[in-house]
Amino acid sequence: MAIITGTDGDDILIGTAGDDRIIASAGDDTITGGDGNDIVDYSDLEQPVIIQPAGFQKGVIGTDTFNDVVETLIGATGQANSIDATTDATNVSIIADLFKEKLEIRVGGSTRIAVNGKNFVNVTGTNQKDTITGDAVDNQLSGRGGNDIIRGSAGNDTLNGGDGTDTADYSKIGVSSTIFIDGTLKKGGGLGTDLLFNFENIIVDASVGNNTIDASIASSSPFIIGDASINANLETQSFVINNLPSGNTARFTFINFDNIKGTNQSDTIVGDRQNNLLFGNGGNDTLSGRSGNDTLAGGLGTDTLTGGLGADKFVFTSVLESVDIIKDFKAVEGDKIQVSQAGFGAISTSDFSYDPLNGSLFFEDSRFAILENKPTGFQTNLDIQLV
């Protein structure tokens with residue numbers, strides 16, 4: 001392999017007919033790899049390298065121009081090297097995979113130019129449909145225009161879908177994920193926390209459990225969320241934020257989630273056929289578990305709870321939470337009323353009573369729930385669990 005080394009001036013570097021390693025330096029250089037599998041190596045440059053359609057920016061020390069396509073590009077060691085595919089062209093898109101160190105440029109949907117890219121950290125896509133995948137370091141990944149797919153990985157990453165209908169894809173990450181209403185996504189297993197902007201679709205890993213939508217921080221994000229409430233349906237994979245400060249409604253598709261935590265306003269939350277954890281938080285919420293062995297906790301406010309099919313738990317943590325309405329308590333399906341012993345100050349289930357005439361459940365003299373279907377044979381010692 002021939003080794004060709006540039007100077008700090010403006011060089012013309014031309015490879016041989018074989019495999020070359022061109023070691024770049026300062027200056028505005030013109031590089032021709034020629035035949036063979038060629039490498040252009042910026043690893044010792046000590047300046048961040050930016051791959052751009054019009055040239056390769058080397059920090060403040062120069063811009064290189066390539067006369068042909070080289071097979072491997074190596075960014076500067078320890079620098080925030082970037083792939084910036086920004087272009088006004090309407091027929092160019094990219095597939096960039098930082099983990100596999102691959103960059104594929106597609107022209108007109110058929111012509112493909114593939115190169116290896118090592119030591120690159122950040123990617124900015126085109127105005128077309130791009131696919132961008134991060135790696136284990138802290139990446140900044142931006143799709144710009146088009147309907148992009150950006151795949152998250154380990155690290156504390158910033159993902160921006162840009163214009164178009166974009167998807168943040170964590171379907172192969174191997175750990176549970178929690179998406180917060182302010183766009184923060186926390187990855188389990190210590191893999192990091194990402195910031196998501198301008199995405200319409202979010203996909204998490206279906207092979208793991210406890211993927212959670214958490215809207216409970218709404219009150220701590222007043223300038224972003226304000227007095228927003230949510231309509232969330234795991235069955236239809238729909239997530240809607242109502243009453244944003246701008247007066248608008250934001251709609252998303254959230255795929256492969258199991259659990260939902262609501263806002264402090266009045267939310268509508270619907271589960272699916274999995275074993276869901278549905279927590280209303282504040283407000284007068286409506287929770288529906290659908291099928292599966294679900295756990296429903298209304299939280300503060302007068303909430304309406306429907307377990308659906310399966311052995312469901314209706315959770316009460318304090319006698320001060322107001323009176324909730326349970327639409328379909330069915331002991332025959334294994335439903336239970338789960339009560340916090342510490343939160344209620346209860347000694348045993350004998351502290352509770354049930355009025356079959358109106359379906360009311362009492363702790364001592366305080367009514368805390370109404371079983372609207374007025375189940376016959378309800379027994380406090382069997383159907384109430386103290387935890």
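Two strands pair if DSSP finds at least two bridges between them. Helices (H or I, at least four residues) and strands (E, at least two) are DSSP runs, numbered from the N terminus. This is a predicted model, in which local features need pLDDT of at least 70 and side-chain atom pairs count only at pLDDT 80 or more, while totals for chains, interfaces and linings use all residues. Residues are numbered from 1 along each chain as its sequence is written, and side-chain values use heavy atoms, with hydrogens and water left out.

**Stop 1: paired strands**

Select β36 (residues 336-339) together with β34. These two strands run parallel and are joined by four bridges. Label Val 315, whose bridge partner in β36 is Gln 338. Next add β40 (residues 384-386), which pairs with β36 in the parallel sense over three bridges. Here Ile 337 stands opposite Ile 384 of β40. When displaying side chains, recall that in a regular strand they alternate between the two faces of the sheet.

**Stop 2: the whole chain**

Zoom out. The chain has two helices and 40 strands. Along the principal axes, its C-alpha atoms fill a box of roughly 95 × 40 × 35 Å. The radius of gyration is 28 Å, against near 21 Å for a compact globule of 387 residues; this radius is taken over C-alpha atoms, and the globule rule is 2.2 Å times the number of residues to the power 0.38. Of the 387 residues, 49% are buried. Buried means under 20% relative accessible area, exposed over 50%, and partly exposed in between (1.4 Å probe, protein chains only).

**Stop 3: aromatic rings**

Select the rings of Phe, Tyr and Trp (for Trp, the six-membered ring); two of them pair if their centres lie within 6.5 Å, and planes under 30 degrees apart count as stacked, over 60 as edge-to-face and the rest as tilted. The structure holds 14 aromatic pairs. Phe 316 and Phe 368 form one that is edge-to-face, with 5.2 Å centre to centre and 75 degrees between the planes. This pair links distant parts of the chain, 52 residues apart: Phe 316 is in β34 (residues 313-316) and Phe 368 in β39 (residues 366-371). Phe 316 and Phe 368 are both buried.

Move to Tyr 354 and Phe 378, a tilted pair with 4.8 Å centre to centre and 45 degrees between the planes. Tyr 354 lies in β37 (residues 352-355) and Phe 378 in the loop between β39 and α2 (380-383), 24 residues apart. Tyr 354 and Phe 378 are buried too.

Now select Phe 316, Phe 344, Phe 352, Phe 363 and Phe 368, which ring pairs link into a cluster.

**Stop 4: positive phi**

Go to Glu 364, in the loop between β38 (360-363) and β39. Glu 364 is not a glycine, yet its phi is positive, about 55 degrees. Is Glu 364 buried or exposed? Glu 364 counts as exposed because its relative accessibility is 53%.

Then select Gln 237, in the loop between β25 (229-233) and β26 (238-242). The phi of Gln 237 is near 65 degrees, again a positive value in a residue other than glycine. Gln 237 has 29% relative accessibility and therefore counts as partly exposed.

**Stop 5: pocket and cavity**

On a 1 Å grid over the protein atoms alone, a cavity is a set of points where a 1.4 Å probe fits but cannot get out, and a pocket is an open set with protein on both sides within 12 Å along at least five of seven lines; lining residues have an atom within 4 Å of a point. Grid points are joined across faces, edges and corners, and a volume is the space filled by probe spheres set on the points.

The largest pocket holds about 500 Å³ of space. Centre the view on Ile 51, Gln 52, Pro 53, Phe 56 and Ile 105, which lie nearest its centre among the 26 lining residues. Elements supplying at least two residues each to this lining include β6 (49-52), β7 (55-58) and β13 (111-118). The lining of the largest pocket has 17 nonpolar, six polar and three charged residues. Ala, Val, Leu, Ile, Met, Phe, Trp, Tyr, Cys and Pro count as nonpolar, Asp, Glu, Lys and Arg as charged, and the others, Gly among them, as polar.

For the largest cavity, of about 30 Å³, select Ile 83, Ala 96, Asp 97, Leu 98, Glu 101, Lys 102, Leu 103 and Gly 117, which line it. Both β11 and β12 give two or more residues to this lining.
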